[in-house]
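Student: Could you take me through one part of this structure in detail? I would like to look closely at the nonpolar core and what surrounds it.

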Amino acid sequence: MTRKQRRLTLIGSAGAVLAVAVGLILYALNDQIVFFQSPTDITQQSIPDGQRIRLGGLVEEGSVVRSDNAEVRFRVTDTANAVAVTYKGILPDLFREGQGVVTEGVIGSDGVFVADSVLAKHDENYMPKEVAEALKDQGHWQGGEETAN
């Protein structure tokens, strides 16, 4: 085998090993990838039960209901559609009606979004980029020009 052939074989082998490694990493992370959806996206698409998603929008006015066992029910809206959400745990201090929120969890068979984490916006100018774009598209954006990246 000539020197050039050995070099090409080594480069080819390294490329194959790298491709297999990348493939295994993507396969392992496949269950961890979470896509952002607005309430309109959820009502228009059929999302399979048990698929993890991020739901973002505004907490609908008058929809927050707290129970004794630390469970909270509320609705997330993008002003066109709303999705019912249940969450069991402690909510962020800035969580309140009319404010931006991003929840992560799954949609149950009854159509209610079961959240396992809730994030509230931290000041008047912050809004997740996808939520801000959805609100701007519908003409309901009231925040500043800055969005999170």
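Tutor: Happy to; here is the core, set in the chain as a whole. This is a predicted model, in which local features need pLDDT of at least 70 and side-chain atom pairs count only at pLDDT 80 or more, while totals for chains, interfaces and linings use all residues. Residues are numbered from 1 along each chain as its sequence is written, and side-chain values use heavy atoms, with hydrogens and water left out.

The chain has 3 helices and 7 strands, taken from DSSP runs (helices H or I, at least four residues; strands E, at least two; numbered from the N terminus). Along the sequence they follow the pattern α-β-α-β-β-β-β-β-β-α. Of its 149 residues, 32% count as buried, that is, under 20% relative accessible area with a 1.4 Å probe, protein chains only, where over 50% is exposed and in between is partly exposed.

Now to the core itself: a nonpolar core joins buried Ala, Val, Leu, Ile, Met, Phe, Trp, Tyr and Cys residues through side-chain atoms within 4.5 Å. The largest one holds 18 residues, and Ile42, Leu55, Phe74, Val85, Phe95, Phe113 and Val118 touch the most other members. At least two core residues come from each of strands E2 (52–59), E4 (71–77), E5 (82–88), E6 and E7.

Val118 makes a good close-up. Beyond its neighbours within four places in sequence, its contacts (heavy atoms within 4.5 Å) include Phe74, Tyr87, Leu91 and Phe95. For a contrast, Ser109 sits in the loop between E6 (100–107) and E7 (113–120), and counts as exposed because its relative accessibility is 73%.
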